[in-house]
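Q: Please take a close look at one sheet of this model. How is it put together, and what can be said about its edges?

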Amino acid sequence: MVVSVKVFKKATPNGKVTFYLGRRDFIDHIDYCDPVDGVIVVEPDYLKNRKVFGQLATTYRYGREEDEVMGVKFSKELILCREQIVPMTNPNMEMTPMQEKLVRKLGSNAHPFTFHFPANSPSSVTLQQEGDDNGKPLGVEYTIRAFVGDSEDDRQHKRSMVSLVIKKLQYAPLNRGQRLPSSLVSKGFTFSNGKISLEVTLDREIYYHGEKTAATVQVSNNSKKSVKSIKCFIVQHTEITMVNAQFSKHVAQLETKEGCPITPGANLTKTFYLIPLAANNKDRHGIALDGHLKDEDVNLASSTMVQEGKSTGDACGIVISYSVRIKLNCGTLGGEMQTDVPFKLLQPAPGTIEKKRSNAMKKMKSIEQHRNVKGYYQDDDDNIVFEDFAKMRMNNVNMAD
């Protein structure tokens with residue numbers, strides 16, 4: 001069995017400059033981040049003593065495009081790093097194995113480049129839009145681009161510029177830890193003696209996307225009220241740091257009367273299972289996703305991770321967290337009581353059994369999706385599969401006719 005290596009490619013509208021990238025997902029390992037390594041192929045006769053410049057940029061959109069009036073902008077673009085790719089300014093640059101393979105394959109007109117994410121740069125996150133909203137999605141998006149010019153400040157022409165959208169993601173640590181998150185609350189009632197106690201314990205602190213969360217609920221009713229029903233939710237908490245806005249969305253839920261009513265003096269211990277999935281929240285406005293590219297399957301946004309000793313309050317961009325929320329319905333006069341237990345939702349780290357299983361499932365889907373798709377072809381000599389990026393329109397770049 002021959003294992004193929006997928007390489008993504010995209011050319012300028014005039015076909016003179018072509019990007020080659022071995023991956024679109026770059027991982028933030030908390031203490032360091034994967035570099036953006038790729039290769040550019042340029043037709044030498046086209047340059048005519050001009051140069052090729054590259055940029056790594058991030059766009060932070062925190063408001064709807066249709067609401068931008070009277071010069072007010074709800075997005076901000078930052079150029080994180082820039083360099084001259086052709087001619088190469090650092091001939092001693094160390095290439096990654098993928099770059100070496102591509103340079104050998106593509107010949108003398110291939111030029112490697114490497115961009116580095118700055119420390120504390122946010123992860124890619126997209127806020128899901130409503131079905132009829134065709135504007136640019138809210139969130140944090142990363143783009144690498146290259147253009148031909150005499151200097152870095154030259155006007156960027158559409159015909160000689162190429163842009164690729166990439167993602168910066170975080171993985172779960174190799175060790176998921178032994179701590180079992182829990183919460184204990186109690187509630188008393190006016191004109192009534194005694195309290196109802198509610199304790200919720202999760203079976204782990206870190207869950208992988210697609211895993212079942214198990215919440216063990218213990219209710220002790222020492223009051224004169226009865227518990228009519230129990231509601232369970234998984235809540236996604238989103239903080240948009242640019243405008244200091246916060247909101248929460250339910251991404252999984254269930255309600256049950258099993259074991260109810262819990263009458264005065266009675267106890268109940270029961271485990272509830274929920275699976276938070278993006279597939280179950282399609283077209284729900286405001287759900288945060290792990291950076292959406294093309295029509296591929298996408299996860300809910302991963303929990304924001306920070307270095308040990310630091311708080312998520314110091315993070316920038318869009319900060320994501322999750323909790324299991326349990327609500328007890330104590331009747332019309334008793335009202336509701338609830339508690340939240342925080343946990344982390346992340347992608348499994350490379351090398352783990354869970355990651356291998358996830359990759360196997362994605363590979364099977366990918367084979368089916370691309371079997372008869374144009375722009376996807378295999379080079380039998382070097383076992384490299386090239387996939388064309390769809391052309392993108394960059395409204396924030398000056399364009400020439």
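A: Four strands form an open sheet in the order 11-12-14-17, and their pairing is antiparallel; strands here are DSSP runs of E with at least two residues, numbered from the N terminus, and two of them pair if DSSP finds at least two bridges between them. Strand 11 (182-189) and strand 17 (267-274) stand at the edges, and because each has a single partner strand, one side of each is left without a neighbour in the sheet. Direction ignored, neighbouring strands of this sheet are turned by 15 degrees against each other on average, the axes being lines fitted to C-alpha atoms. In general, strands of a sheet pair through backbone hydrogen bonds, either parallel or antiparallel.

At one edge, strand 11 pairs with strand 12 (residues 192-202) in the antiparallel sense over eight bridges, and Leu184 stands opposite Glu199 in strand 12.

The model is predicted, so that local features need pLDDT of at least 70 and side-chain atom pairs count only at pLDDT 80 or more, whereas totals for chains, interfaces and linings use all residues. Residues are numbered from 1 along each chain as its sequence is written, and side-chain values use heavy atoms, with hydrogens and water left out.

As for the chain that holds this sheet, it has four helices (DSSP runs of H or I, at least four residues) and 22 strands. Of the contacts in the chain with a separation of 6 or more, 68% are between residues 24 or more positions apart, a contact meaning heavy atoms within 4.5 Å.

Technical notes. Axes fitted to C-alpha atoms, helices over the stretch in contact; angles between N-to-C directions.
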